[in-house]
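Colleague: I have just opened this one and would like a walk through it, if you have a moment. Could you start wherever you like and then take my questions as they come?

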Amino acid sequence: MATRTKQAIPAVADVPRHVAIIMDGNGRWARRRLMPRVAGHRKGVEALRGVIRACAERGVSHLTVFAFSSENWRRPQEEVTLLMELFMRALENEVARLHENGIRFRVIGNLAGFSERIQALIRDAEALTRDNTRLVFTVAANYGGRWDIVQAVRELIAEGATADGVDEAALARHLCMADAPEPDLFIRTGGEQRISNFLMWQLAYTELYFTDALWPDFNAAALDKAIASYRTRERRFGRTSEQVRSAL
Ligand code: IPE
Ligand code: IPE
Ligand code: MG
């Protein structure tokens, strides 16, 4: 029987096609310097700029980052407001540079939660960069993995799917990341070892990498360490080690 999740085993000797990152630890980075948490978020945007460039240079084709979870609205109002301002400023200031570098920009998540201004900036940025092919850079904002699955089921029902018509492939077609390969490498900075409702479905067979580095300190060298760790993994997708080796 064929398996649904990526029949072909991607060679780990290659650069991961799709890297997914939970950028965590901004607040602690700032607190350690006796600075307000937002200073850590600002530094985090800088770190992200470097990591986008490093991914493009290394031939990664998809980079997806978790910027704001559907649960992050629970933070103090002041921090949420500052994060929204930062998001808006980043959209205003960074998109032209992404475009110049041939990067396609996308946002996944429940965009209705954002202000009209932010929604318009997102629409414009996606339209401007839609034909770029060097790297697909996706920001998950007001995103939750469970929300993603639920909205996919709703779409299936809306298009009249019957119980028999629902299978993994049909559902996956309606997920936010339907057009992208599943992540090969997942990175979480900041020391916590959890998924925090990120790409629940898509991470099923992703190689997980956790580092204590706080996100503002994460750079190209740290990315290379994560990729080096990835290259030591044996991806089996349910098979035995012997099967995988004999297929090489
Ligand atoms: C991640 O850093 C950024 C967002 C969740 C927006 P945190 O703000 O979670 O930083 P810590 O975990 O408190 O250090
Ligand atoms: C996860 O970080 C979400 C983002 C980085 C955007 P959190 O800091 O919100 O995660 P928890 O609350 O520690 O699980
Ligand atoms: Mg955190």
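**A buried residue and two ligands**

Modeller: Let me begin with Val 51, which has its place in helix H2, and please keep in mind throughout that this is a predicted model.

Colleague: Is Val 51 buried or exposed?

Modeller: Val 51 is buried, because its relative accessible area is 0%, and the cut-off for calling a residue buried is under 20%.

Colleague: And how many Å separate the C-alpha atoms of Val 51 and Asn 197?

Modeller: Those two C-alpha atoms are separated by 22 Å, and along the chain Val 51 and Asn 197 are 146 residues apart.

Colleague: Switching to the ligands, which residues come nearest to ligand 1?

Modeller: There are 13 residues around ligand 1, and those that come nearest are Asp 24, Gly 27, Arg 28, Arg 37 and Arg 75. By kind, the residues of that shell divide into three nonpolar, five polar and five charged.

Colleague: What lies 2.8 Å from an oxygen atom of ligand 1?

Modeller: That is a polar side-chain atom of Arg 37, while polar backbone atoms of Asn 26 and Gly 25 also come into play, the one of Asn 26 being 3.1 Å from an oxygen atom of the ligand and the one of Gly 25 being 3.4 Å from an oxygen atom of the ligand. On its own ligand 1 has 380 Å² of accessible area, of which the protein covers 88%.

Colleague: Where does ligand 1 sit, and which elements surround it?

Modeller: Ligand 1 sits in the largest pocket, and the elements giving two or more residues to its shell are helix H1 (26-32), helix H2 (37-58) and helix H3 (77-100). H1 provides the largest share of that shell, with three residues.

Colleague: Now ligand 2, which residues are around that one?

Modeller: Among them are Ile 22, Met 23, Asp 24, Phe 66, Arg 75, Arg 188, Arg 194 and Ser 196, and the largest share of the shell, four residues, is given by strand E2, which covers residues 62-69. The shell around ligand 2 divides into five nonpolar, three polar and four charged residues.

Colleague: Which side chains have polar atoms by the oxygen atoms of ligand 2?

Modeller: A polar side-chain atom of Ser 196 lies 2.6 Å from an oxygen atom of ligand 2, one of Arg 194 lies 2.8 Å from an oxygen atom of ligand 2, and an N or O atom in the side chain of Asp 24 is 3.1 Å from an oxygen atom of ligand 2. Taken alone, ligand 2 exposes 390 Å², and the protein buries 78% of that.

Colleague: And what space does ligand 2 take?

Modeller: The space taken by ligand 2 is the largest pocket, which is also where ligand 1 sits.

How values were computed:
Residues numbered from 1 in each chain as written. Chains lettered and ligands numbered in written order. Predicted model: local features only at pLDDT ≥ 70, side-chain atom pairs only at ≥ 80, totals over all residues. Heavy atoms only, no water. Near = heavy atom within 4 Å. Polar contact = N/O pair within 3.5 Å; in protein donor to acceptor, adjacent residues only side chain to side chain. Areas by Shrake-Rupley, 256 points an atom, 1.4 Å probe, with all protein chains shown as cover. 1 Å grid on protein atoms, 1.4 Å probe; cavity = no way out; pocket = protein on both sides within 12 Å on 5 of 7 lines; lining within 4 Å. Sits in = over half its atoms within 2 Å of the grid points. Nonpolar A, V, L, I, M, F, W, Y, C, P; charged D, E, K, R; others polar. Buried < 20%, exposed > 50% of the residue type's maximum accessible area, 1.4 Å probe, protein only.
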